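Q: Please take a close look at the enclosed cavities in this model. Which residues line the largest cavity, and which line the second largest cavity?

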Amino acid sequence: MLIGRKKEIAVLEEVLESRKAEMIAVIGRRRVGKTFLVDSIYEDHIIFKQTGVRNAPDSAQLRTFTNKIEELSGKELQEPRDWLDAFVLLKKYLKSHISKDKKAVLFFDELSWLAVPDSNFLDYLGHFWNDWGYRQNLVIVLCGSASSWIIQKVINDKGGLHNRVTKYLHLKPFTLAETEEYLRANHFTFTRYQIVQLYMAFGGIPLYLEEIKRGKSAIQNINDICFEETGFLKNEFNRLYPALFENADNHIAVIRALASKKRGLSRTEIIKTAKVPNGSSTSQVLEELEQSDFIMAYHPYKKKKKDKLYRLTDEYSLFYLKFIENTAFSGEGTFLQLSNQQEFKIWCGYAYEGICMKHVPQIKKALGVSGVYTTTYSYLKKASADEKGLQIDMLIERADRVINLFEIKFYNTEFVFTQEYAEQLRKRIHLFMQLSKTKNHIMMTMITTFGLKDTRYSLGVVEKILTLEDLFLV
């Protein structure tokens, strides 16, 4: 069953009605459901599908390609010398299987594995399209988890594929609402608080969510999947990055560096902390991680573009590096014990902040400003001998000259708003106005799990209160 993906489904279905040939690029991080989406929508239209084999040489990719045509045609074929010969074979097969009445789909999956270096696969794919394919009632889908590779080699290609991609889909992890929809469709009855707990460990990755079992709590499921010896996610971290990136050591070093710093790191700080080269290779690593939805780049308020910070936003990687990797024990009861420790409760606050930063559209809807142009920032002013420092993890600057400053609190009950805390917030508002020199109206906004227990002290300080329910808006 397809969950969410309404915009992507609409694009894929629109292509079937198109009067021209189309080439679609589908990207997104590993395990996010790209293949499932394409297979589900184009099930009755796919007449040829080839999946690249990881770490296989070009000769092996050619053999699997030829074997697929033999399997479909029922004919024994001479093995092609190169991809030019291979696409000639494909064209001969397709000529008797393409009609004017129904779009035919060619699906090339795990494209970066298929188009190995020096193979000329993409060159001959471009020739196949430019010489013949573009005149057929045809859709070519190019799909892969190496998002930046597809962007560089296909979408931004200067050769035969230049400007040939007619549609481009970037499949993101599920939102909280989509995660809830998936769980409900599979007859789970978790509360939204429990869904947030699961999301903190797994993120909105469909394949990870498939591991959840009915009849167990969120805590029990996290324990089984992440801490049992045979748990699916116990060692996923060590498989994930090498499967996506060539020479993944630097990618992993950057992920580890970002996991160690709550506020995020600048490029200069990443180079120092991760001990990676100061050059174009590190820029490429950051670009690849960002385009694969493992990290996000954001700009501190009123700072220049070069001052942008990077933050690790992949929930599973954060959870793995903080708890799974460093836990000496495993098996039944491990996570129950961990989840009762103060260190875990503090970490939950940080993880909840990250989830809020990924659900800004839902927050805007809850604030009633969906139609207002906004920019999301962080704010950091280091203390000096003359000035106090200030850190604000998230603020939204609005075109209506309002700035929402966010205080984000994750508790298992209502948040108790004390007189002392109210005074702290007043000082933070005043200090932000003083340091930023903004003339905009400042609206202090709280995002909690279950709201406030006592709002008496919040009067005149907090103007808007959101809860985890608002993060589930669609």
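A: The answer below takes the cavities in order of volume.

The model is a predicted one. Counting cavities of 30 Å³ or more gives five.

The largest cavity has a volume of about 80 Å³. Its lining consists of M200, R311, L312, T313, E315, L318, Y350, A351, G354, I355 and K358. Three elements, β8 (309-312), α16 (315-324) and α18 (342-357), each give at least two residues to this lining. The largest share is that of α18, with four residues. By class, the lining of the largest cavity holds six nonpolar, two polar and three charged residues. T313 and G354 are the polar residues, while R311, E315 and K358 are the charged ones.

The second largest cavity has a volume of about 70 Å³. Around this cavity lie R263, Y298, L309, R311, M357, S378, Y379, L380, Q391, I392 and D393. Here the elements that supply two or more residues are β8, β9 (374-381) and β10 (390-398). The class counts for the second lining are six nonpolar, two polar and three charged residues. The polar residues are S378 and Q391, and the charged ones are R263, R311 and D393.

The two linings can also be read together. R311 belongs to the lining of the largest cavity and also to that of the second largest cavity. Strand β8 supplies at least two residues to the lining of the largest cavity and two or more to that of the second largest cavity.

Note on methods: Residues numbered from 1 in each chain as written. Predicted model: local features only at pLDDT ≥ 70, side-chain atom pairs only at ≥ 80, totals over all residues. Heavy atoms only, no water. 1 Å grid on protein atoms, 1.4 Å probe; cavity = no way out; pocket = protein on both sides within 12 Å on 5 of 7 lines; lining within 4 Å. Points joined across faces, edges and corners; volume = space filled by probe spheres on them.
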